[in-house]
Every structure is written in C-alpha cells, then in structure tokens.
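Q: Please give me a close look at one part of this model, the surroundings of the ligand. Which residues are around the ligand?

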Amino acid sequence: MKKILVINGPNLNMLGIREPDIYGKQDFAALEEYIRASARELSLSVSLFQSNHEGEIVDIIQSAYGLYDGIVINPAAYTHTSVAILDALKAVGIPTVEVHLSDINSREEFRKHSFVSIIAVKTICGLGFEGYRKALEYFS
Ligand code: DQA
C-alpha cells in the first residue's frame, strides 16, 4: 500500500469559522475525515499533519524523506511566500500534489503566484474538499 503524507498549512484548522463564503462551512475535522475516507476507498495509507508554523512544515517534509511515496500539500498562505517549503520539497524529491480549496487564480493578484507549483507534479484548485480526493487519486 502506498504511503501518502497530507500536509495542511496555516489557518486551515479554522475551517468552518474562517471566511465560510470562500472556504465552506465544514470544519477541519470534517476535512480530515473526508481525506481518511478517500484514502481508504483508494487503498492508500495516509498520515495527516497540520501546522501554522513554516519551520514545522519544513521539518515534517524533511522527516518524510525515504518514508513516503507521495505528498499532498495545501501550504495555505505559505504557498505565496515560502521558498523554504519549496526547497524542502525539492530536497526530499517526493512527488507532490498541491491542493487549494479555493481557486487561487481568480482571487487577489498576490495569490496567483505559488512557489510550490514550481515543484508540484499537479496543482488542484477550487474544488473544495474534493480537491484532496483528486490529489490522492494521482497516487492510487
Ligand atoms: C488556500 C488559498 C491561500 O491563498 C490561502 O492563504 C489559504 C488557503 C486554499 O486552500 O484555498 O489559507 O490555500
């Protein structure tokens, strides 16, 4: 069974409370349950990680080296700022699919640039929770 690490970045733990018109009314626990259920259906083993801290996200990516077959990451706001997360993904060389709940290309100008897209094998935007399932399907 393939092992996939799913990483969610800052403020995604506030789903349901945070800008529900953009991110939906379901909370983060519901997202995690959706990801686990999708992984079960696709016969993938998943580990879930969320952090509001850039360095912790770098650490978890580094610790995935040699252990995971794929990474699914929603870097949230760090998408648009973090060379450190890009470099960590480059360092471990694990195929990575980037996910965003919202369509970052149809929002503010600053959201249109993603550092992670430079390394991602695929980027999925604007599908809400379903984007995570589509990302997992890439590895199934
Ligand atoms: C997001 C989009 C980012 O621009 C934003 O900073 C987030 C969430 C998304 O899932 O749509 O926190 O990654």
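A: The answer begins at the ligand and then moves outward to other parts of the chain.

This is a predicted model, so local features are given only at pLDDT of at least 70 and side-chain atom pairs only at pLDDT 80 or more, while totals for chains, interfaces and linings use all residues. Residues are numbered from 1 along each chain as its sequence is written, and side-chain values use heavy atoms, with hydrogens and water left out.

Around the ligand are Arg 18, Tyr 23, Asn 74, Ala 76, Ala 77, His 80, His 100, Leu 101, Ser 102, Ile 104 and Arg 111. A residue is listed if one of its heavy atoms lies within 4 Å of the ligand. Arg 18 has a polar side-chain atom 2.8 Å from a ligand oxygen. For His 100, a side-chain N or O atom is 2.8 Å from an oxygen atom of the ligand. Arg 111 also has a side-chain N or O atom 2.8 Å from an oxygen atom of the ligand.

Tyr 23 and Ser 102, both among the residues around the ligand, lead to Arg 107. Arg 107 lies in the loop between E4 and E5. Here helices (H or I, at least four residues) and strands (E, at least two) are DSSP runs, numbered from the N terminus. The side chain of Arg 107 makes a polar contact of 2.9 Å with the side chain of Tyr 23, and another of 2.9 Å with the side chain of Ser 102. A polar contact is a pair of N or O atoms within 3.5 Å; within protein, one must be able to donate a hydrogen and the other to accept it, and residues adjacent in sequence count only if both atoms are side-chain atoms. Leaving aside neighbours within four places in sequence, Arg 107 is in contact with Ile 22, Tyr 23, Ser 102 and Lys 112, where contact means heavy atoms within 4.5 Å. Arg 107 has a relative accessible area of 18%, so it is buried. Buried means under 20% relative accessible area, exposed over 50%, and partly exposed in between, with a 1.4 Å probe and protein chains only.

Ala 76, another residue around the ligand, lies in the loop between E3 and H4. Ala 76 has a positive phi of about 55° although it is not a glycine, and counts as buried at 11% relative accessibility. The backbone oxygen of Ala 76 is 2.5 Å from a polar side-chain atom of Thr 79. Thr 79 is placed in the loop between strand E3 (70–74) and helix H4 (83–92). With a relative accessible area of 0%, Thr 79 is buried. Beyond four places in sequence, Thr 79 is in contact with Glu 98, His 100, His 113, Ser 114, Phe 115 and Val 116. The C-alpha atoms of Thr 79 and His 113 are 7.8 Å apart, although the two residues are 34 residues apart in sequence.

Next come the nonpolar cores. A nonpolar core is a set of buried Ala, Val, Leu, Ile, Met, Phe, Trp, Tyr and Cys residues joined through side-chain atoms within 4.5 Å. The largest has 23 residues, of which Ile 4, Val 6, Leu 15, Val 72, Tyr 132 and Leu 136 touch the most other members. Strand E1 (3–8), helix H2 (28–41), strand E4 (96–100) and helix H5 (130–139) each supply at least two residues of this core. Another core, apart from it, has 18 residues, among them Val 58, Tyr 78, Ile 85 and Ile 94.

The whole structure holds 2 aromatic pairs. Rings of Phe, Tyr and Trp (its six-membered ring) pair if their centres lie within 6.5 Å; planes under 30 degrees apart count as stacked, over 60 as edge-to-face and the rest as tilted. Tyr 34 and Phe 129 form a tilted pair, 5.8 Å centre to centre with 50° between the planes. Tyr 34 lies in helix H2 and Phe 129 in the loop between strand E5 (122–125) and H5, so this pair ties together parts 95 residues apart in sequence. Tyr 34 is partly exposed at 26% relative accessibility, whereas Phe 129 is buried at 11%. Tyr 138 and Phe 139 form an edge-to-face pair, 5.1 Å centre to centre with 85° between the planes. Tyr 138 is partly exposed at 41%, and Phe 139 is buried at 3%.
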